[in-house]
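Q: I have a structure to go through with you. Can we take it piece by piece?
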Amino acid sequence: MSDAAARLAAVHATIADAARVARRKPEDVTLVAVSKGRPAEAIEQLIAAGQRDFGENRVQEAAAKWPSLRARYPDVRLHMIGRLQSNKAEEVVGLFDVIHSLDRASLRDALVKAGWSGPTYVQVNVGEEEQKGGVSIGELPAFIASVRDMGLDLAGLMAIPPADVEASPYFALLAKLARRHDVTGLSMGMSGDYRSAVMLGATVVRVGTALFED
Ligand SMILES: *Cc1c(COP(=O)(O)O)cnc(C)c1O
């Protein structure tokens with residue numbers, strides 16, 4: 001087994017164990033391998049091991065790396081997980097399958113105008129942090145309603161909890177907000193905390209370091 005395959009198996013085992021504890025099905029959790037800053041060779045090792053969902057946080061980097069990989073592996077799904085400029089909306093349409101970072105009205109409008117029709121997660125600023133992207137909790141009801149009204153495919157909610165504090169209260173909060181708004185998808189959990197995210201209902205975990213580094 002390659003190192004990449006071993007790391008992938010270990011992450012899947014952790015997801016399966018957390019799902020078992022929470023009485024969930026492991027197949028209800030999608031693992032997105034966050035490949036930002038990683039070279040094509042490292043990505044290909046994970047593809048060879050069976051991984052198909054990948055996440056990038058910059059349009060420019062994704063545009064440089066992914067078209068050639070996609071030509072060789074047409075069943076790959078590419079997820080946009082980072083902050084998006086509205087003027088990149090058209091480029092995003094041709095490049096990505098899923099967006100996790102819809103965080104404001106101007107981006108919503110730009111995506112609609114560009115004809116974006118893929119699954120879309122609304123990013124919530126669960127820690128109410130000024131420097132962080134995401135719709136505030138107070139504005140979330142109106143924002144979700146507008147996303148639905150405009151015909152976007154609302155797949156769920158996404159959050160990046162504040163750094164350096166226990167993440168699980170924020171995961172529980174995001175899960176509660178999703179229930180309140182009748183939204184099913186929950187994109188939460190990274191290398192340091194995806195186990196607790198799965199226990200608290202994550203349907204998508206975004207894992208980089210644990211898949212690419214020993
Ligand atoms: C980089 C990144 C991740 C993955 O982080 P790791 O700690 O390397 O697993 C997940 N989500 C977002 C939005 C990121 O930017």
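A: Let's start with one charged pair. Arginine 108 forms a salt bridge with aspartate 109, with 2.9 Å between the closest N and O atoms. A salt bridge here is a side-chain nitrogen of Lys or Arg within 4 Å of a carboxyl oxygen of Asp or Glu.

Q: What kind of model is this, and how are residues numbered?
A: This is a predicted model, where local features need pLDDT of at least 70, side-chain atom pairs count only at pLDDT 80 or more, and totals for chains, interfaces and linings use all residues. Residues are numbered from 1 along each chain as its sequence is written, and side-chain values use heavy atoms, with hydrogens and water left out.

Q: Back to that pair. Is arginine 108 buried or exposed?
A: Arginine 108 is buried, at 12% relative accessible area. Aspartate 109 is partly exposed, at 34%. Buried means under 20% relative accessible area, exposed means over 50%, and partly exposed is in between (1.4 Å probe, protein chains only).

Q: How many salt bridges are in the whole structure?
A: A search of the whole structure finds 14. In general, side chains of opposite charge can pair when their charged atoms come close.

Q: Which partner does aspartate 17 meet in a salt bridge?
A: Arginine 195, at 2.3 Å from N to O. Aspartate 17 lies in helix α1 and arginine 195 in helix α8, so the pair ties together parts 178 residues apart in sequence. Helices (H or I, at least four residues) and strands (E, at least two) are DSSP runs, numbered from the N terminus.

Q: How accessible are aspartate 17 and arginine 195?
A: Aspartate 17 is partly exposed, with a relative accessible area of 26%. Arginine 195 is also partly exposed, at 35%.

Q: Which residues are in the network with them?
A: Asp17, Arg20 and Arg195 are linked in a network of salt bridges.

Q: What about arginine 83? What does its side chain meet?
A: The side chain of arginine 83 meets that of aspartate 103 in a salt bridge, 3.5 Å from N to O. This pair links distant parts of the chain, 20 residues apart. Arginine 83 is in the loop between β3 (77-80) and α4 (89-95), and aspartate 103 is in the loop between β4 (98-102) and α5 (105-113).

Q: Buried or exposed, for each of those two?
A: Arginine 83 is exposed, at 55% relative accessible area. Aspartate 103 is buried, at 6%.

Q: New topic, pockets. How much space lies in the largest pocket?
A: About 280 Å³. The largest pocket is lined by 14 residues, and the closest to its centre are Val34, Lys36, Ile81, Met190 and Arg206.

Q: What counts as a pocket, and as a volume?
A: On a 1 Å grid over the protein atoms alone, a pocket is an open set of points where a 1.4 Å probe fits, with protein on both sides within 12 Å along at least five of seven lines; lining residues have an atom within 4 Å of a point. The volume is the space filled by probe spheres set on the points.

Q: What classes of residue make up the lining of the largest pocket?
A: The lining has 6 nonpolar, 5 polar and 3 charged residues.

Q: Where does arginine 206 lie?
A: Arginine 206 lies in strand β8 (residues 204-207). Arginine 206 counts as buried, at 4% relative accessibility. Arginine 206 and methionine 190 are 16 residues apart in sequence and 5.1 Å apart in space, C-alpha to C-alpha.

Q: Now backbone angles. What is phi of arginine 23?
A: Near 55°, a positive value in a residue other than glycine. Most residues other than glycine have a negative phi. Arginine 23 is found in the loop between α1 (3-21) and β1 (30-34). Arginine 23 counts as exposed, at 80% relative accessibility.

Q: And what about aspartate 182?
A: Aspartate 182 has a positive phi of about 60°, although it is not a glycine. Aspartate 182 lies in the loop between α7 (168-180) and β7 (185-187). At 68% relative accessibility, aspartate 182 counts as exposed.

Q: Last one. Is serine 187 buried or exposed?
A: Serine 187 counts as buried, at 0% relative accessibility. Serine 187 lies in strand β7.

Methods: Nonpolar A, V, L, I, M, F, W, Y, C, P; charged D, E, K, R; others polar.
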